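I have opened my notebook to a fresh page for this one. Come along, and I will jot down what I look up as I go.

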Amino acid sequence: MFQPRQHRPPQVTEPDTTDLAKQTQNPVGDIVSVPFQFNFNGGGAYKDQTFFNLNFQPVIPIHLNPKWTFIARTIVPVVSIPTTNGVSYSGVGDIQEQTFLTPARPGKLIWGVGPAFSFPTATASPAKTGTWAAGPSVVLLATPGPFVLGSLFVQFSPMTDANGSPRVNNFLWQYFVNFNFGKGWALSTAPSITANWDADRSQRWTVPVGGGISRTLVFERQPMTLGFQYYYNPIRPDNSNSTTLRFNIALIYPQKRGK
């Protein structure tokens, strides 16, 4: 007796979460990511108060041609800053744009270079600088075995007079060490070492130490990374926080390239 052929639904192949994790740890990786970074800053000058900072940081690769990729990384800070009189100021901080030109087919040493910009968009009074700023951004990294190791350098130099507001003349060095130990899990440290060149030498540097753990997974077919980190600032300005508790969630959209 003839029986009609049964059609099976196509199988959906789940992505390799460890490979996805390594791609998201690469600032110039060929992957679209939409990270939300929640920072709870306390101690130091803030004592028992909390300076809250949410960074919305979409990263978008643009394929210029078969040899080169342009990476656009936008940082939109949303802040709530307490003051000594008990009043908190909430709003948006200065928006930054970091861009990188990187080889589409990188070698063992992965690199990217391009201009970075800071725009005076702050609406919260303590965060206002009134300064347009620009400078170079450079990233270098390697991915030996389960590791993703590298450094990111950005310099913002003022382009306009701040009219009495604090100027943006800042340097950022972020080194990152990630150890991926399977099933999307990773141990990592990525402290942001900063310098304000316009401050006195004793108040110039912020140097955090710490780290945390993250997990890249697929939930309802949506790849994402969840993470937790803790940092302490042994070197810092007197008017800043001494600790940072950080939670991350990043939505991941792997690129589909044509053959």
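**Entry 1: a run of paired strands.** I started with β8 and β9, which run antiparallel and are joined by eight bridges. A note to myself before going on: this is a predicted model. I picked out one pair in this stretch and found V139 opposite L152 of β9. Next I looked at the turn: the hairpin of β8 and β9 has four residues between its strands, and G145 takes a positive phi there, near 55 degrees.

I then followed β9 to its other partner. Ten bridges join β9 to β10, and these two strands are antiparallel as well. Here I noted S151, which stands opposite Y175 in β10.

**Entry 2: the core.** My next question was which residues touch the most other members of the largest nonpolar core. I listed V28, F100, V139, L141, V154, F156 and F176, out of 18 residues in that core. I also asked which strands supply at least two residues each. They are β7 (110–119), β8 (133–142), β9 (147–158) and β10 (170–182). The largest share, four residues, comes from β9. As a general reminder, nonpolar side chains tend to be buried together in soluble globular proteins.

I also found another core lying apart from this one. It has seven residues, including F51, A122, A124 and A127.

Then I went back to F156 to see its surroundings. Setting aside neighbours within four places in sequence, I found F156 in contact with Q96, A116, F117, S118, A133, A134, V168, N169 and N170.

**Entry 3: the strands β1, β2 and β4.** I moved on to strand β1 (residues 31–42), which is joined to strand β2 (residues 51–56) by six bridges in an antiparallel arrangement. I looked up F40 and saw that its bridge partner in β2 is F52. β2 also pairs with strand β4 (residues 68–82), again in the antiparallel sense, over five bridges. In that pairing, F56 has V76 of β4 as its bridge partner.

**Entry 4: I31.** I stayed with strand β1 to look at I31, which has its place there. Is I31 buried or exposed? I noted a relative accessibility of 3%, so I31 counts as buried, the cut-off being under 20%. Who is around it? Beyond its neighbours within four places in sequence, I31 is in contact with L20, Q23, T24, V59, P61, I252, Y253, P254 and Q255. I also checked I60, which is 29 residues away along the chain from I31; their C-alpha atoms are separated by 7.2 Å.

**Entry 5: S242.** My last single residue was S242, in the loop between β14 (222–235) and β15 (243–254). I wrote S242 down as buried, because its relative accessible area is 11% and the cut-off is under 20%. The side chain of S242 reaches the backbone nitrogen of G44 at 3.1 Å. Leaving out neighbours within four places in sequence, I listed G42, G43, G44, Y231, Y232, N233 and R236 as the contacts of S242.

**Entry 6: stepping back.** Finally I took in the whole protein, with its one helix and 15 strands. Of its 259 residues, 43% count as buried. I looked at contacts between residues at least 6 apart in sequence, and 54% of these join residues at least 24 apart. The accessible surface comes to about 14,700 Å², and 60% of that belongs to carbon and sulfur atoms.

Conventions. Residues are numbered from 1 along each chain as its sequence is written. This is a predicted model: local features need pLDDT of at least 70, side-chain atom pairs count only at pLDDT 80 or more; totals for chains, interfaces and linings use all residues. Side-chain values use heavy atoms; hydrogens and water are left out. A nonpolar core is a set of buried Ala, Val, Leu, Ile, Met, Phe, Trp, Tyr and Cys residues joined through side-chain atoms within 4.5 Å. Buried means under 20% relative accessible area, exposed over 50%, partly exposed in between (1.4 Å probe, protein chains only). Contact means heavy atoms within 4.5 Å. A polar contact is a pair of N or O atoms within 3.5 Å; within protein, one must be able to donate a hydrogen and the other to accept it, and residues adjacent in sequence count only if both atoms are side-chain atoms. Two strands pair if DSSP finds at least two bridges between them. Accessible areas come from the Shrake-Rupley method with a 1.4 Å probe; for residues, only the protein chains shown count as cover.
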